[in-house]
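I opened my notebook to look at the inside of this protein. My plan was to go through cavities, then one buried spot, then the core.

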Amino acid sequence: QSYSRSRSRSRSRRAAGGPIPEDFRDILHDFRRATTDPRPSRHLDPEGAAAAQDGAGGMGSEGGDSGGDSSGEDVYLEEDVDDDFKLPEEMTFAEVVHLSEPRWKGEVSWGLMSMVMISEVLGTGLLGVPLAFIHLGWVASIVAVTSIFVFSTVTGMQLFYIKRYIPEVKSYPALFQNLLGFRWYIYGAFCVYLLLYLYCVADIFVMIESWRELFPGMSKVAAFLVSVLLCWSLMQTRSMQNLGYLSILGAVTIIVPVTLTTIQISKSTGTEGFPRGDTSLWPKSFAAGVMGLTAIFFSFSGHAIFFELIHELRDPSDFPKALLTSQLAIFAVLITLPSIVYHIAGDASWIISPLTLSLPPGVLRNIVAAFVLVHLAVTMTIHATVFSRAVQTAAEPMVKLLLRRMRRKLRSWRRPQPIDVSAPALWSAELSPTRSGSKNALDFDDGGHLTIHAADAAEQPVTAKPARHRRRDIKGLPRVAPPTAWTLRAVMWWAVWSALELFTAGALALR
């Protein structure tokens, strides 16, 4: 409803034809209107922008659609580095990010996407559910797992309906901004991306400890470097299509070790050093119940990237299939394996979290640790890819503009100073614009720039860019490469951002 009211206010203000108000709230509202442009690819495609300017001129939908693909898919073109480009003063940070953000069409099938969701959700949370059963007892555990399964499935479908109602929303922060404004965009970005960043920190921390368990003589720094290098190498797959194939490996490498651990627990229970405990129907205490519930909640955590996953689908309408398939598979695993462990061992004190550490030292424990290590690398890659892509979209345009400004300052001494044409007596012109190469005083070149030939300085033409411009006609803005682009520049920028994210998360995990 808030979205509908904002669109109505936008249409009323546009129909009034008045000047853009200077109030901060209205400026943000005008930007929210810009994010609903049905031709977003025109912001990034210079040829499409030129066609829209020449053919439509802002009038009529037929000519306006001739310059690009109305589906929203954008063919990535390497931007021409123009050191003379200056950002229009009236553009805000949010507008620059919106105009520069990558656009691509999803390629992932719903079956492969279900594997991504299974691998992302069935992470280390599964290893803590058997201990949650010990804290909660039979009735509370089954009710909790079933209730959270229903709750997460229904809310996942609600997110799908929101995405279908507002197709341009690709993340939680974008949804907050679309409905509530830029301040809430900052709040949503802080909550979601801080969560993903902490996921990455936790994954690297567990990977460091797993390496040291496999190789007791390895130092923390060496384990940190190996973990970061492994995850960075996997992140260079970039696209979610490639991550989907990795997710198959991720799902296998979490189900297999838990199954092997369950089989070994069934063999060890009742032997010396591994006594069997008792089972109960209800939680032993309030504190134990809270601990068990938090572990089960954590095992279903995957909603943080659902918007990004919907956008990656070849057909976004297939998301309910991927959601139901993955949720049913996760529910079956979270009910079956922990129930078997609880039935066999009860509340034995040697059952701990993560479950794999309940195994006695030996070859099997090392094999299980290796499986878990591979799974952590895959889930870490999924989380880090979504996080790094968000950081790249927001920061890379500003970094590129800053680099251009630095190059412009370093090379400014080589450029001639423009002459002063503030006094009309210094120059004269004939108002007969022709194409470039004519002898008239007023020329327009092929790029649409105006050249005025001064009477007193015929050898020094003054070049001025058109004073009026529209958002979709702005050329020279830096573009962020989509994950489907494999140019050298796109690969190098992604390598830099992914390395920066992994090393900062790893440094925090070391501390």
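These entries follow the order in which I looked things up.

**Entry 1: cavities.** I noted that this is a predicted model. I looked up the cavities of 30 Å³ or more and found four. The largest cavity has a volume of about 60 Å³. Which residues line the largest cavity? I wrote down Pro102, Arg238, Arg389 and Gln392, then Ala481, Pro482, Pro483 and Trp494. I sorted this lining by class. Five of its residues are nonpolar, one is polar and two are charged.

**Entry 2: threonine 385.** I found threonine 385 in helix α15, which covers residues 363-411. Is threonine 385 buried or exposed? Its relative accessible area is 0%, so threonine 385 counts as buried. Next I checked its contacts, leaving aside neighbours within four places in sequence. Threonine 385 is in contact with Met235, Arg238, Leu243 and Trp494. I had met two of these names before: Arg238 and Trp494 also line the largest cavity.

**Entry 3: the core.** I turned to the largest nonpolar core, which has 93 residues. Which members touch the most other members? They are Met113 and Ile351. Helix α7, residues 129-165, gives the most to this core, with 13 residues.

**Entry 4: isoleucine 351.** I followed up isoleucine 351, again leaving aside neighbours within four places in sequence. Isoleucine 351 is in contact with Leu131, Ile134 and Ile265. Val341, Ala345 and Ser358 are also contacts of isoleucine 351. I noticed that Leu131 and Ile134 have numbers that fall within helix α7, residues 129-165.

Notes
Residues are numbered from 1 along each chain as its sequence is written. This is a predicted model: local features need pLDDT of at least 70, side-chain atom pairs count only at pLDDT 80 or more; totals for chains, interfaces and linings use all residues. Side-chain values use heavy atoms; hydrogens and water are left out. On a 1 Å grid over the protein atoms alone, a cavity is a set of points where a 1.4 Å probe fits but cannot get out, and a pocket is an open set with protein on both sides within 12 Å along at least five of seven lines; lining residues have an atom within 4 Å of a point. Grid points are joined across faces, edges and corners, and a volume is the space filled by probe spheres set on the points. Ala, Val, Leu, Ile, Met, Phe, Trp, Tyr, Cys and Pro count as nonpolar, Asp, Glu, Lys and Arg as charged, and the others, Gly among them, as polar. Helices (H or I, at least four residues) and strands (E, at least two) are DSSP runs, numbered from the N terminus. Buried means under 20% relative accessible area, exposed over 50%, partly exposed in between (1.4 Å probe, protein chains only). Contact means heavy atoms within 4.5 Å. A nonpolar core is a set of buried Ala, Val, Leu, Ile, Met, Phe, Trp, Tyr and Cys residues joined through side-chain atoms within 4.5 Å.
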